[in-house]
Amino acid sequence: MLTGKQKRFLRSQAHHLDPIFQVGKGGVNDHLITHIEEALEVRELIKVSVLNNCLEDSDDIAEQLSSRSGAELVQRIGKTIVLYKESKENKKIELP
């Protein structure tokens, strides 16, 4: 569980990042979750965008992504979701 100070720090780190995954008409599936878990292990902090043709609500998608990948939901603004998960081998981000 992240504190408010840690979330604020992670939001500032994620500001300059571009989304590396897009959730579209297919929604959240096992293939997407696998790729997100691999990216979180390498990067620790990622952005995911929800496309306009996605039928599900972005709040529901954010909850599914964070729970199924084991990541912390840092932020959801509009259709952009920021996820964080501490890496086991490639630790780069030191939380305050």
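1. Glu86 is the place to begin in this predicted model: the residue is found in the segment after β4, and with a relative accessibility of 44% it counts as partly exposed, because that class lies between the limit for buried residues, under 20%, and the limit for exposed ones, over 50%. Leaving aside residues up to four places away in sequence, Glu86 touches Glu44 and Lys91. Glu86 and Glu41 are 45 residues apart in sequence, yet their C-alpha atoms are 7.4 Å apart in space.

2. Lys88 is also found in the segment after β4, but Lys88 is exposed, its relative accessible area being 71%. From the C-alpha atom of Lys88 to that of Ser67 the separation is 18 Å, with their positions 21 residues apart along the chain.

3. Turning to the sheet, the model has an open arrangement of four strands in the order β1-β2-β4-β3, and the pairing is mixed. The edge strands are β1, residues 21–23, and β3, each of which pairs on one side only. From one strand to the next, the twist averages 25 degrees. As a reminder, the strands of a sheet pair through backbone hydrogen bonds, and they may do so in either a parallel or an antiparallel sense.

4. Both senses can be followed from β2. With β1, the strand β2 runs parallel, and three bridges join the two; Val23 has Val50 in β2 as its bridge partner, while Gln22 stands opposite Ser49 in β2. With β4, by contrast, the pairing of β2 is antiparallel and extends over five bridges, and here Leu45 stands opposite Tyr84 in β4.

5. How many residues of β2 are buried? Six of its six residues are, so that the strand may be described as mostly covered, given that buried means under 20% relative accessible area. Leu45, Lys47 and Ser49 point one way from the strand, whereas Ile46, Val48 and Val50 point the other way, and all are buried. A reader who expects a lysine to be exposed may wish to note that Lys47 is among these buried residues.

6. The connection from β1 to β2 passes through α2, and the β-α-β crossover made in this way is right-handed.

7. Helix α1, which spans residues 4–14, has Gln6, Leu10 and Ala14 buried. When the helix is viewed down its axis, these buried residues fall within an arc of 70 degrees, and they therefore line one face of α1. Lys5 and Arg8, on the other side of α1, are exposed. As for what the buried residues of α1 meet, they pack against β2 (45–50), β3 (72–77) and β4 (80–84).

8. The placement of the two helices on the sheet can be described by their angles and contacts. α1 lies across β2, β3 and β4 and runs at about 60 degrees to β3. Helix α2, comprising residues 30–43, packs on the sheet as well, where it touches β1, β2 and β4, and its direction makes about 150 degrees with that of β2. Both β2 and β4 thus appear in the description of α1 and in that of α2.

Definitions and conventions
Residues are numbered from 1 along each chain as its sequence is written. This is a predicted model: local features need pLDDT of at least 70, side-chain atom pairs count only at pLDDT 80 or more; totals for chains, interfaces and linings use all residues. Side-chain values use heavy atoms; hydrogens and water are left out. Buried means under 20% relative accessible area, exposed over 50%, partly exposed in between (1.4 Å probe, protein chains only). The arc is that of the directions from the helix axis to the C-beta atoms. Contact means heavy atoms within 4.5 Å. Two strands pair if DSSP finds at least two bridges between them. Axes are lines fitted to C-alpha atoms, for helices over the stretch in contact, and angles run from 0 to 180 degrees between N-to-C directions. A crossover is right-handed if, with the strands pointing away from the viewer, the path from the first strand over the helix to the second runs clockwise.
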